[in-house]
Amino acid sequence: MTTLKEGDKAPDFTANDQNGKAVSLADYRGKNVILYFYPKDDTPGCTAESCDFRDNYQSLLGKGYEVIGVSTDDEKSHKKFETKYSLPFTLIADSSHEIVEAYGVWVEKNMYGKKYMGTARTTFVIDAEGIIKHVISKVDTKASSQQVLDLVN
């Protein structure tokens, strides 16, 4: 498993967004990116995190940051999630698990003694040159955007 850290080059990827459009991280070169990985659309923690980014989206844009969410849900699930919560940013469908594996966030989890593979909630702050500036592994779902702002201000 890859363990990315601050100073590493962010792995590039190309995958479809919630509208079926191919999106690459390279498309964002020249811009700062908040790339957040979340386990599942329309679950309590993931909804809180995504809505926090939505509620603070304009201030993040104002500070020069684009927001991209990634989960292993498919495009249809992402579209439903985007519509239900009026999410203004790109959601990447990583059904093949290529992106979560490249970023080292596809991990073994344990719930009620049952082990399974899933996405570790993690946020990467990537600069305009594609270098990882910050890795947030203990994400506060209700204040995820503030966690980023505290690091970049």
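## An exposed tyrosine

Tyr 112 sits in the loop that joins strand S6 (106-111) to strand S7 (114-119). The model shown here is a predicted one. Tyr 112 has a relative accessible area of 83%. The cut-off for "exposed" is over 50%, so Tyr 112 is exposed.

Tyr 112 also belongs to a patch on the surface. Together with Met 111 and Tyr 116, Tyr 112 makes a nonpolar surface patch of about 400 Å².

## The annotated cysteine

Which residue does UniProt list for "active site"? The unreviewed UniProt entry lists Cys 46. Look for Cys 46 in helix H1, which covers residues 44-55.

Is Cys 46 buried or exposed? Its relative accessible area is 1%. Buried means under 20%, so Cys 46 is buried. Now set aside residues up to four places away in sequence. Cys 46 then touches Tyr 38, Pro 39 and Lys 40, and also Phe 81 and Arg 121.

## Two nonpolar cores

How many residues does the largest nonpolar core have? The count is 21. The residues with the most contacts inside this core are Leu 35, Phe 37, Ile 92, Ile 99, Tyr 103, Phe 124 and Ile 126. Four elements each supply at least two residues of the core: strand S3 (32-37), strand S4 (65-71), helix H4 (98-102) and strand S8 (122-126). S3 gives the largest share, 3 residues.

Ile 99 shows how this part of the chain packs. Not counting neighbours within four places in sequence, Ile 99 is in contact with Phe 13, Ala 15, Phe 37, Val 70, Ile 92 and Asp 94. There is also a second, separate core of 20 residues. Cys 46 is included in this second core, along with Leu 60, Leu 87 and Val 139.

## Ala 93 in strand S5

Ala 93 is part of strand S5, residues 90-93. Its relative accessibility is 12%. That value is under the 20% limit, so Ala 93 counts as buried.

Which residues are in contact with Ala 93, apart from neighbours within four places in sequence? They are Ala 15, Asn 16, Ser 71, Asp 73, Asp 74, Glu 75 and His 78. Lys 76 is another residue to find in the structure. Ala 93 and Lys 76 are 17 residues apart in sequence. In space, 9.0 Å separates them, C-alpha to C-alpha.

## Thr 141, a buried loop residue

Where is Thr 141? Thr 141 lies in the loop between strand S9 (132-136) and helix H5 (144-152). Thr 141 has 17% relative accessibility, so this loop residue counts as buried.

Leave out residues up to four places away in sequence once more. Thr 141 touches Gly 45, Ala 48, Glu 49, Asp 52 and Arg 121. Arg 121 appears in the contacts of Cys 46 and in those of Thr 141.

## Positive phi angles

Asp 42 is in the loop between S3 and H1. Phi of Asp 42 is near 60°, a positive value in a residue other than glycine. The relative accessibility of Asp 42 is 37%. That lies between the limits of 20% and 50%, so Asp 42 counts as partly exposed.

His 97 also has a positive phi, near 70°, and is not a glycine. Find His 97 in the loop between S5 and H4.

Definitions and conventions:
Residues are numbered from 1 along each chain as its sequence is written. This is a predicted model: local features need pLDDT of at least 70, side-chain atom pairs count only at pLDDT 80 or more; totals for chains, interfaces and linings use all residues. Side-chain values use heavy atoms; hydrogens and water are left out. Patches are made of residues with over 30% relative accessible area and no salt bridge: like charges are joined within 9 Å, nonpolar side chains (Val, Leu, Ile, Met, Phe, Trp, Tyr) within 5 Å. Accessible areas come from the Shrake-Rupley method with a 1.4 Å probe; for residues, only the protein chains shown count as cover. A salt bridge is a side-chain nitrogen of Lys or Arg within 4 Å of a carboxyl oxygen of Asp or Glu. Buried means under 20% relative accessible area, exposed over 50%, partly exposed in between (1.4 Å probe, protein chains only). UniProt positions are given in the numbering used here, feature names are shortened, and annotations may be inferred rather than shown by experiment. Contact means heavy atoms within 4.5 Å. A nonpolar core is a set of buried Ala, Val, Leu, Ile, Met, Phe, Trp, Tyr and Cys residues joined through side-chain atoms within 4.5 Å.
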